[in-house]
Amino acid sequence: MLKSASAAALGSIVGTAAGRERDHDSIEPPIASTPILAAHRGYRGLYPQNTIAAVQQAAYGGRNGHGYDTDMMECDLVPAGGKPWKGEDFEIVVFHDDTLDDLTDESGYVWETDVQTVLNAEIRDSGQTIPRLDEFVEATPDSIPLNIEWKAAGVSPDDDASESAVETWDPFTGQALDVLSNHENDFIVQSFQKAALQSVQNSNPEIPIAYLLWDSIEEGLSVVRELDAEYIQPPYNMIMNTPFFNEDYYLEDPGFAEIDLVETAHEEGRKVIPYTITTWHQAEKLVEAGVDGIIADYPGVLD
């Protein structure tokens, strides 16, 4: 039976004011302090992103060997070796980009490259390679939940398919959830794609979901309400009452509406976990604004 985290269970993780220190050998879900700290791609600011080494260091490699302040492991999933929506054989791997070109010593779309080549691709001269989803989760202590992005369904630019269609995601979702069912970790599924989250809900409505906002607070909230998502994950410059609201980040001069996303989410019973934090100053101001957690490139930003 699928070991997903219920909304109530993960709500307790981000909502309980307990200490971060815990026994990583325990199989019980962690109870973290408010706010939660998620290791973005396994703290990509320090380690080769989305790799086994990143997981191990984020979980165990902290000062004095006691582990960093990691309440949740964040990662990205794409299909390798085939296009799921076409009925081709494929394996789900932990990788951020559509293509191998920028992050590895190989090139081409991940789903148009044979699985073994993908698995052997080296991440930026680190000696680390792309892991299967099963390997990544196995390397993550059972006590650390996962925040897993359904990143791509395996659609190339000239394909006659759309990531806006739920059926495009269904084979990908099926394999991902099958793999996750073999592990004890609680998890959230996140995505920029509404259809990806609908596919997850159709497979198991008990799995908590997080919608990733991009360029509009109003449109993002509309999708969140339609899906009744438990979590909202906006870019950090969408958070009002901080020095960063409406500053350039991924978008230049974003012009976000004057909507207090944290207040709105909390009134609706949802939690807000913004991305991607790189400094203690950002973390401090976001916490003061009331966020429930942060997705960060570095450990220690909440110390």
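**Thr104 contacts, strand β5 and an aromatic cluster**

The backbone nitrogen of Glu106 is placed 3.0 Å from a polar atom of the Thr104 side chain in this predicted model. A second backbone group is also positioned at this residue: the backbone oxygen of Leu100 lies 2.8 Å from a polar atom of the side chain of Thr104. Thr104 itself belongs to the loop between β3 (91-94) and α3 (115-120). Its relative accessibility is 11%, and Thr104 therefore counts as buried, the cut-off being under 20% relative accessible area. When neighbours within four places in sequence are left aside, the residues in contact with Thr104 are Phe95, Ala121, Glu122, Ile123, Arg124 and Ile130.

Strand β5 (187-191) is mostly covered, with five of its five residues buried. In a regular strand, side chains alternate between the two faces of the sheet. In β5, Phe187, Val189 and Ser191 point one way, while Ile188 and Gln190 point the other way. The residues of both sets are buried.

β5 is paired with two strands, β4 and β6. Strand β4 (residues 146-150) runs parallel to β5 and is joined to it by four bridges; within this pairing, Glu149 stands opposite Gln190. Together with helix α5 (residues 166-180), β4 and β5 form a right-handed β-α-β unit. The chain then crosses from β5 through α6 to β6, and this β-α-β crossover is likewise right-handed. β5 and β6 are parallel and are connected by three bridges, and Val189 has Ile209 of β6 as its bridge partner.

Aromatic pairing was examined next. The structure contains ten aromatic pairs. In one of them, the ring centres of Phe192 and Trp214 are 5.9 Å apart and the ring planes meet at 85°, so the arrangement is edge-to-face. Phe192 is located in the loop between β5 and α6 (194-203), and Trp214 in the loop between β6 (209-212) and α7 (217-227); the pair therefore ties together parts that are 22 residues apart in sequence. Both rings belong to residues that are partly exposed: the relative accessibility of Phe192 is 26%, and the relative accessible area of Trp214 is 37%. Phe192 and Trp214 are also members of a cluster linked by ring pairs, which further includes Tyr236, Phe244, Tyr249, Tyr250 and Tyr275.

Note on methods: Residues numbered from 1 in each chain as written. Predicted model: local features only at pLDDT ≥ 70, side-chain atom pairs only at ≥ 80, totals over all residues. Heavy atoms only, no water. Phe/Tyr/Trp six-rings, centres within 6.5 Å; stacked < 30°, edge-to-face > 60°. Buried < 20%, exposed > 50% of the residue type's maximum accessible area, 1.4 Å probe, protein only. Pairing = 2+ DSSP bridges. Right-handed = clockwise from strand over helix to strand, strands pointing away. Polar contact = N/O pair within 3.5 Å; in protein donor to acceptor, adjacent residues only side chain to side chain. Contact = heavy atoms within 4.5 Å.
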